[in-house]
Amino acid sequence: MSSSSPFEVIALPYSWIHARGPSSRFENLLNLINASYNKPRYKFGIIKTPRIKNNESILLDLAIGVNDEICVYLLLGKPEIFDELFDVDGYRRDLTTESTTVHQAFANDIPEKYYPVFDLGKIDTTSVEFASDDFEFTDDVLNRCVASVGLRSFHGPGRPRVKELELTAFTSFMRNTAPVFLDFVIAECLLNPKRFARLSQTGELQDYDKITIHADVIKEHGLVEYYVKKCAFVQADRPDVHVTVAEDMKAAEGIFEKGVLAARDFHISFLEKEIDVEKV
């Protein structure tokens, strides 16, 4: 078997996120995020609105302001692998169609029989390419997405010589891929001075002793245990926030963006993952 990686990584930096152009350029980033977030949405039945409401609201829904640092890293299966799976098995994914049931929401996960083809043991040799401002997030790119990791500015209090980032657009379509890809992004992008510079607007890697990645999750989705056991996060000192839901199903604003509908009250839990920056 080939020792080369079955994957490639495309990073969508600040310059792509904020490039001039119609909002339709975000269509497949919306499709990617909603396709993954729809899985717990339909499984648990608490949140009734999609994670991203429309192309125009995507930056607001992800709490990404014009002054925020942002980069979204896409883990893609190589096109020749998907071409071969289609030729041999007729296997094809379609992440452009919005799911309406639990079964549909999980239909685009990579089947277990293909795990040996998408060998996560080879991810360390994967190339990373930063998208140009005019990069087109096509249906082909979308349907080759296996996972994604987004990192943006943390909006909470900071600490000296600590780079504080917030996890966003954290998606996965193959078992065990999300924590593996997160570790790849940390090792190959955050701890790589040149790639770190494509994300950071407030200092170089050498200016920091630690990087802290923050995450806030819906407790009732079972994500606290997942982040702790699978992704090596710890619960932050901040207590859970009880989000109340009115009779019209509108969730209380503050933690969430406006317009979130829910079937019942739920809780937001806060986690963090600390990374040491080794000095060369």
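These legends describe close-up views of a predicted model.

**View 1. Val 149 sits in strand β4 and is buried.**
Strand β4 covers residues 145-153, and Val 149 is found in that strand. The relative accessible area of Val 149 is 0%. Beyond its neighbours within four places in sequence, Val 149 is in contact with Cys 71, Val 72 and Tyr 73, among others. Its list of contacts also includes Leu 167, Thr 168, Ala 169 and Phe 170. Phe 181, Leu 182 and Val 185 are further contacts of Val 149. Val 245 is 96 residues from Val 149 in sequence. In space, the two C-alpha atoms are 29 Å apart.

**View 2. Cys 71 and Cys 189 form no disulfide.**
Cys 71 is one of the contacts of Val 149. The cysteine sulfur closest to that of Cys 71 belongs to Cys 189. The distance is 7.2 Å, too far for a bond. A disulfide needs the two sulfur atoms within 2.5 Å, so this pair does not count. Seen from Cys 189, the nearest cysteine sulfur is that of Cys 71. Cys 71 is buried at 0% relative accessible area. Cys 189 is also counted as buried, at 0% relative accessibility. Across the whole structure, the search finds zero disulfides.

**View 3. Phe 82 and Phe 118 make a tilted aromatic pair.**
The structure has ten aromatic pairs. In the pair of Phe 82 and Phe 118, the ring centres are 5.2 Å apart. Their planes meet at 45°, so the pair is tilted. Phe 82 lies in helix α4 (residues 79-89). Phe 118 lies in the loop between α5 (102-106) and β3 (128-130). The pair therefore ties together parts that are 36 residues apart in sequence. Phe 82 counts as buried at 11% relative accessibility. Phe 118 is buried too, with a relative accessible area of 1%.

**View 4. Phe 181 and Phe 184 stack within helix α7.**
The ring centres of Phe 181 and Phe 184 are 6.0 Å apart. Their planes lie at 20°, so the pair is stacked. Both residues belong to helix α7 (residues 177-190). They are three residues apart, about one turn of the helix. Phe 181 and Phe 184 are both buried. Phe 181 is also in contact with Val 149.

**View 5. Four aromatic residues form one cluster.**
The members are Phe 170, Tyr 226, Tyr 227 and Phe 233. Of these, Phe 170 also appears among the contacts of Val 149.

**View 6. Arginines lie over the faces of phenylalanine rings.**
Arg 25 lies over the face of Phe 26, at 5.2 Å from the ring centre. Arg 92 lies over the face of Phe 86, at 4.0 Å from the ring centre.

**View 7. A single cavity of 30 Å³ or more is found in the whole structure.**
The largest cavity holds about 40 Å³ of space. Its lining includes Ile 17, Phe 26 and Leu 29. Ile 58, Leu 59, Leu 62 and Ile 64 also line the largest cavity. Ile 70 and Val 72 complete the lining. Two elements, α3 (58-61) and β2 (70-77), each give two or more residues to this lining. Phe 26, one of the lining residues, is the ring under Arg 25 in View 6. Val 72, another lining residue, is in contact with Val 149.

Definitions and conventions: Residues are numbered from 1 along each chain as its sequence is written. This is a predicted model: local features need pLDDT of at least 70, side-chain atom pairs count only at pLDDT 80 or more; totals for chains, interfaces and linings use all residues. Side-chain values use heavy atoms; hydrogens and water are left out. Helices (H or I, at least four residues) and strands (E, at least two) are DSSP runs, numbered from the N terminus. Buried means under 20% relative accessible area, exposed over 50%, partly exposed in between (1.4 Å probe, protein chains only). Contact means heavy atoms within 4.5 Å. Rings of Phe, Tyr and Trp (its six-membered ring) pair if their centres lie within 6.5 Å; planes under 30 degrees apart count as stacked, over 60 as edge-to-face and the rest as tilted. A charge sits over a ring if NZ of Lys or CZ of Arg is within 6 Å of the ring centre and within 35 degrees of the ring normal. On a 1 Å grid over the protein atoms alone, a cavity is a set of points where a 1.4 Å probe fits but cannot get out, and a pocket is an open set with protein on both sides within 12 Å along at least five of seven lines; lining residues have an atom within 4 Å of a point. Grid points are joined across faces, edges and corners, and a volume is the space filled by probe spheres set on the points.
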